[in-house]
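Student: Hi! I have a structure open and would like to talk it through with you. Could we go over it together?

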Amino acid sequence: MQRMSTKMKMKMKMKMMGKWMLTRHSSSVPSVLCVPSGMWHYTLPPQPCSSSHDSFCSESLDFKTLDDAISRFNGMLRMHPPPSTDDFAQLLTSITEMKHYSVVISLSPRMDSFGIPPNVETLNILINSFCHLKRVNFGFSVLAKILKHGHQPNTATFNHLIRGLCAEGKIDEAIRSFDKRGWEGFQPDEVTYETLMEWLYKKGPNWALFPMSCTILKGETRGFNLVAFSTIIDSLWNDAQLTKALNFLREMITTRGISPTIITGNSMIHTPCNLCEWKHVAMLINEIVHRKPDPDVVTFSILVNALCKEGNITEAHEVVNKMIQRGMEPDLVTYNVLMDGYCSQSEIDGALKVFNFMVHKGCVPDECSYNILIYGYCKIQCIDKAMHLFEEMCLQVNPNIVTYNTIIHGLCRDGELEAARDLFSSLSSKGLQPNVQTYKILIQELCNRCLFDEANKLLMEMDGNGCSPDQCTYNMILQALSQNNETFRGLQHLEEMLARGFLLLIQQL
């Protein structure tokens, strides 16, 4: 009977503990771990478990739910002897990976109450949780507890705190804290640098702090890597701080011995090329070539593309020739970019020479190659040659919707509306769906011929084919109606535009 009574008592105790308890953090918990207002702490019933530490270690800590993790935590607290602090750290890490940071904060003081001694890892997890909840001040309180227990904070400790400061917008404080004189013995690693650079530059460049960050990066601290380096350079380029970017590049190569890889170098070259800052491009290439590695095909293709966009076709072709002289074979992208440059300047003969040379060198043209040449012929209104090339293309590669749009537009410009209609009607049989551009080309030509009923029919057809008219489509129709005194039709389309939310366009009209 005595044994049965004990069992009954245990069952009643387990039943009472089986209820969820949501209680405010007790004032008996050390102030350094006081839970901020609004954070609750959870307790769950302990699960039956072996008192053997070995049996715990053999069990997985890969929890599917938060309830499972908390249940395991309660069971661990009642093991005799209890698992090690490292085991608790594993469990708390699993909960942080679920992003339940407030739960981690509520469980930590329970370890103290059961006599589980904290170590740097468990306290780092606690700091990390506070920082994710943007309570970095509590994180610094935990840092004080680490020191009070005679532990030595490690790099992870300070990385969490730096990220926490950055997350709260205290970038300047994070940089000042980064100074080794502030935290004696702190050795930053790659994570430290990447965190600082991300918040300094990727989250919106703060150029007022640029000199301070440069001073830090030129110091004796270790861990600054190519990722952090590239983050700053890219941000400088994107913000058009070209001279500053080049100076920073030279300083970092000289003081840190960090040289960009060819991938990083290509990324650096891309922005000044787009801005047509050829002086900076030349200086940057000289830096890359001088420091190694040599420019690759991508480097030269970026240059060719930028020069072609600027209309400097002769210079672009010279770059390709230099590639070949260096024993570097241009790829399909390089040839296509150069052909497009020639066609954009209506120099179809130059584009054809590049095409023929490319084929001679064994580089197989793709649909983009043919599309460029077809566009070039249509641009100079040589629709017959464009159609001949189109027929040749069909024997080599499958034309895409861009090909058909180009030819339909060329036919319309050449006054061949019926041929354009026929080609448009044949798209579905070829497994192609007309896009907004296809409709706009035909609608424009119909409006030019005052065939407004047919243009309106195509406009209505667009929605049924899953490509709604854009602002430009409506604007095009309205202008044509206005020029032909079709006021009533124009008002109908204005109402339709209003219903579609094209308010800005209406105001512009």
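Student: How many salt bridges does a search of the whole structure find?
Tutor: Happy to help! The search of the whole structure turns up 9 salt bridges. Keep in mind that this is a predicted model.

Student: Good to know. Which salt bridge does Arg421 make with its side chain?
Tutor: The side chain of Arg421 pairs with that of Glu418, at 2.3 Å from N to O. Both belong to helix 23 (residues 417-425), and because they are 3 residues apart there, about one helical turn separates them.

Student: And is Glu418 buried or exposed?
Tutor: Somewhere in between: Glu418 is partly exposed, at a relative accessible area of 48%.

Student: What does Arg489 pair with?
Tutor: Arg489 forms a salt bridge with Asp453, side chain to side chain, with an N to O distance of 2.6 Å. Arg489 sits in helix 27 (residues 487-500) and Asp453 in helix 25 (residues 452-464), so this pair ties together parts that are 36 residues apart in sequence. As for accessibility, Arg489 is partly exposed at 25%, while Asp453 is exposed at 56%.

Student: Which residues are joined into one network by salt bridges that share partners?
Tutor: Glu418, Arg421 and Glu454 are joined that way. You have met two of those names already, in the helix 23 pair of Arg421 and Glu418.

Student: What about Glu168, which side chain does that one meet?
Tutor: Glu168 meets Lys170 in a salt bridge, at 3.3 Å from N to O. Glu168 is partly exposed, with 26% relative accessibility, and Lys170 is partly exposed too, with 32%.

Student: Let's switch to the overall fold. How many helices and strands are there?
Tutor: The chain has 28 helices and 2 strands. It is 509 residues long, and 46% of them count as buried.

Student: How much of the contact count comes from residues 24 or more positions apart?
Tutor: Such pairs make up 64% of the contacts in the chain that have a separation of 6 or more.

Student: Nice. Now some helix packing: at what angle do helix 18 and helix 19 pack?
Tutor: Helix 18 (residues 332-344) and helix 19 (residues 348-360) pack at about 165°, and their axes are 7 Å apart. That angle makes helix 18 roughly antiparallel to helix 19, and their crossing is left-handed.

Student: Which residues make the contact?
Tutor: From helix 18 you have Leu332, Tyr335, Leu338, Met339, Tyr342 and Cys343. Helix 19 brings Ile348, Gly350, Ala351, Val354, Phe355, Phe357 and Met358. By class, the contact of helix 18 with helix 19 has 12 nonpolar residues, 1 polar and no charged.

Student: And how do helix 20 and helix 22 pack?
Tutor: Helix 20 (residues 367-379) packs against helix 22 at an angle of about 10°, with the axes 9 Å apart. That makes helix 20 roughly parallel to helix 22.

Student: What meets what there?
Tutor: On the helix 20 side are Asn371, Ile374, Tyr375, Cys378 and Lys379. They meet Val402, Thr403, Thr406, Ile407, Gly410 and Arg413 of helix 22. The classes in the contact of helix 20 with helix 22 come to 5 nonpolar, 4 polar and 2 charged.

Student: Let me zoom in on Thr403. Is it buried or exposed?
Tutor: Thr403 is buried, with a relative accessible area of 1%. It is found in helix 22 (residues 401-413).

Student: What does Thr403 touch?
Tutor: Leaving out residues up to four places away in sequence, Thr403 touches Asn371, Ile374, Phe390 and Met393. Take Ile374: Thr403 and Ile374 are 29 residues apart in sequence, and their C-alpha atoms are 7.7 Å apart in space.

Student: One last residue: where does Leu417 lie?
Tutor: Leu417 lies in helix 23, and at 5% relative accessibility Leu417 counts as buried.

Student: What are the neighbours that Leu417 touches?
Tutor: Again without residues up to four places away in sequence, Leu417 touches Leu411, Leu442, Glu445, Leu446, Arg449 and Leu451. For Leu417 and Leu442, the C-alpha to C-alpha distance is 8.3 Å, with their positions 25 residues apart in sequence counted as the separation.

Note on methods. Residues numbered from 1 in each chain as written. Predicted model: local features only at pLDDT ≥ 70, side-chain atom pairs only at ≥ 80, totals over all residues. Heavy atoms only, no water. Axes fitted to C-alpha atoms, helices over the stretch in contact; angles between N-to-C directions. Helix = DSSP H or I, 4+ residues; strand = E, 2+ residues; numbered from the N terminus. Parallel < 35°, antiparallel > 145°, perpendicular 65-115°, else oblique. Left-handed = near helix turned anticlockwise from the far one by under 90°. Contact = heavy atoms within 4.5 Å. Nonpolar A, V, L, I, M, F, W, Y, C, P; charged D, E, K, R; others polar. Salt bridge = Lys/Arg side-chain N within 4 Å of Asp/Glu carboxyl O. Buried < 20%, exposed > 50% of the residue type's maximum accessible area, 1.4 Å probe, protein only.
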